[in-house]
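Let's take a friendly walk through this model, one local feature at a time. Please keep the structure open beside the text as you read.

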Amino acid sequence: MAISLFDLFKVGIGPSSSHTVGPMVAANQFSHQLKELGLLNKVKRLKIDLYGSLGATGKGHGTGVAVLMGLEGELPESIDPSGVPERVAQIESASEVQILAEHSIVLNVKEDVIYHRIDRLEFHANGMVLEAFDEKDATLHQATFYSVGGGFIVEEDDQGKVSLVEDTTELPHVFHDAETLMNLCRETGKSIADIMLENELAWRTEDEVKQGILSIWSVMKECVQKGIQNEGILPGGLKVKRRAASLYRDLSSKTRMDMITPSLGAMDWVNLYALAVNEENAAGGRVVTAPTNGAAGIIPAVLHYYWEFCPRSSEEGVIDFLLTAAAIGLLFKENASISGAEVGCQGEVGSACAMAAAGLAAATGGSPEQIENAAEIGMEHNLGLTCDPIGGLVQVPCIERNAMAAMKAINSATMALRGDGSHYVSLDKVIRTMRETGKDMNDKYKETSRGGLAVNVIEC
């Protein structure tokens, strides 16, 4: 299966790639199915059933809101986040939704969007069933989708089988594990970024690839800027205060003369970058899925660290950073999981930490072996990380967890660059360990808010 950098890094909307981005895409797809089947004008009512993690934490993660917007024809990369609350209020007040902005149907949000907090579908923890009815309340069309992490979705067929629609694009450099990737680098003398770039050329021109990467970087920067401008209380009921703006004012009053190396001063700025992104994500703002929304602050924070604090930083370095991070990310996607509902937060924050560590090592001149080592260190020290959001919101401990992982990624790259690339545990082995740990992990620690901090901290 061919996976592009632009599949892993997608512009979307907070607070969750699996709970918000994926369901919005699925609902949009369902609406277009109704139109293509010639059923749109016959639909009088809809019902949406959310299962597993979508049912357990979907309210706090904005799944219902995402589904409503998807039904109306919106997509994560183009929707205006600022207009969503008013539109949802109108839908709830009128008890009707405009399918693809063309056909009005009855939809009582409280009754027709059903959160199954315990039940789950067999294929994946993030399952959803959409059903359309005619005027006699007979089923016109039904579809089952799974949001499998990072905004990726798959659909169940009429026989109840789920199969990924693979991209069969022929790539010049085929690799499905880190060992093969390392061998490709040795045989060709190319860097990991070079390998990824040449693969990306199977879909786009070199100029399109590089401009696309810089566009992603631009959205990341915009997200940080919005995060340090906005103040107040995050939505959802926990009354979590946004901290990035006040932290920015405090740091801006200090000199950066002592911040050339990874000092405590630089750490403050990295924390700021991560907090800013994840507060925007928690507020439903525009972010880059990297590779998920729950871990969206890690790569931007480390990339900002490279840009602001590393000597000789450049746009070419940014491109190498994200190409390399994508190569590592697709290894996690293909061989384990980036879904918190499937393997816990080790799949989200852990994968992002490894990707960021590899990207930083690449951008600062690391060899392929040092880069692989950096990624391995980043993941190894996130093994077993649970996903236990309080109140089902992507806020506590998620926001601070991104800041911690960003610092861990920088330290991972630093340690790897101080060595010669040789190390005891391979990246492939740590990826396999992460997958096995996720399988062994109790479901209550997989984005259900039924274990860990979610039950040991009283919601205020």
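The report below covers an annotated region, a few side chains, some backbone details, a helix, a cavity and the cysteines.

## The model and its annotated region

What you see is a predicted model. The UniProt record, an unreviewed entry, carries the annotation "domain: Serine dehydratase beta chain" for residues 4-157. Across residues 4-157, helix makes up 37% of the chain and strand 30%. The C-alpha atoms at the two ends of this stretch are 25 Å apart.

## His-141 and its partner Gln-33

A good place to start is His-141, which sits in strand β7, residues 139-149. With a relative accessible area of 14%, His-141 is buried, because that value is under the 20% cut-off. Which side chain makes a polar contact with the side chain of His-141? It is the side chain of Gln-33, at 2.9 Å. In sequence, His-141 and Gln-33 are 108 residues apart, yet their C-alpha atoms are 8.7 Å apart in space.

Setting aside sequence neighbours within four places, His-141 is in contact with Phe-30, Gln-33, Leu-34, Leu-37 and Leu-39. Leu-130, Glu-131 and Ala-132 are also among its contacts.

## Ser-17 in helix α2

Ser-17 belongs to helix α2, which spans residues 17-36. Is Ser-17 buried or exposed? Ser-17 is buried, with a relative accessible area of 2%. Its side chain reaches the backbone nitrogen of Asn-293 at 3.1 Å.

The contacts of Ser-17, leaving out neighbours within four places in sequence, include Gly-22 and Pro-23. Ser-147, Gly-150 and Gly-151 are also in contact with Ser-17, as are Thr-289, Thr-292 and Asn-293.

## Backbone details worth a look

Most residues other than glycine have a negative phi, and most peptide bonds are trans. With that in mind, here are some spots to inspect. The peptide bond from Ala-290 to Pro-291 is cis, with omega near -5°. Pro-291 is found in the loop between β9 (286-289) and α12 (298-309). Another cis peptide bond joins Val-396 and Pro-397, where omega is about 10°. Pro-397 lies in the loop between α16 (368-380) and α17 (398-418).

Two residues other than glycine have a positive phi: Leu-100, near 55°, and Asp-137, near 65°. Leu-100 is placed in the loop between β3 (96-99) and β4 (103-106), and at 11% relative accessibility it counts as buried. Asp-137 is in the loop between β6 (126-133) and β7. With 44% relative accessibility, Asp-137 counts as partly exposed.

## A mostly covered helix

How many of the nine residues of helix α4 are buried? Eight of them are, so this helix, residues 63-71, is mostly covered. The buried residues are Thr-63, Gly-64, Ala-66, Val-67, Leu-68, Met-69, Gly-70 and Leu-71. After α4 comes Gly-73, whose phi is positive, near 105°.

## The cavity

Rolling a probe the size of a water molecule over the atoms shows where empty space is left. In this structure there is one cavity of 30 Å³ or more. The largest cavity holds about 140 Å³ of space.

Its lining is made of 17 residues. Gly-294, Glu-348, Cys-387, Val-394 and Cys-398 lie nearest the centre of the largest cavity. Which element gives the largest share of that lining? It is α17, with three residues.

## Cysteines without disulfides

How many disulfides does a search of the whole structure find? The search finds zero. Cys-310, for one, is in no disulfide, and the nearest cysteine sulfur, that of Cys-353, is 16 Å away. At 13% relative accessibility, Cys-310 counts as buried.

Why is Cys-353 not bonded to the closest cysteine, Cys-345? The two sulfurs are 11 Å apart, which is too far for a bond, because a disulfide needs the sulfur atoms within 2.5 Å. Cys-353 also counts as buried, at 0% relative accessibility.

Conventions
Residues numbered from 1 in each chain as written. Predicted model: local features only at pLDDT ≥ 70, side-chain atom pairs only at ≥ 80, totals over all residues. Heavy atoms only, no water. Buried < 20%, exposed > 50% of the residue type's maximum accessible area, 1.4 Å probe, protein only. Helix = DSSP H or I, 4+ residues; strand = E, 2+ residues; numbered from the N terminus. Contact = heavy atoms within 4.5 Å. Polar contact = N/O pair within 3.5 Å; in protein donor to acceptor, adjacent residues only side chain to side chain. UniProt positions renumbered as here; feature names shortened; annotations may be inferred. 1 Å grid on protein atoms, 1.4 Å probe; cavity = no way out; pocket = protein on both sides within 12 Å on 5 of 7 lines; lining within 4 Å. Points joined across faces, edges and corners; volume = space filled by probe spheres on them.
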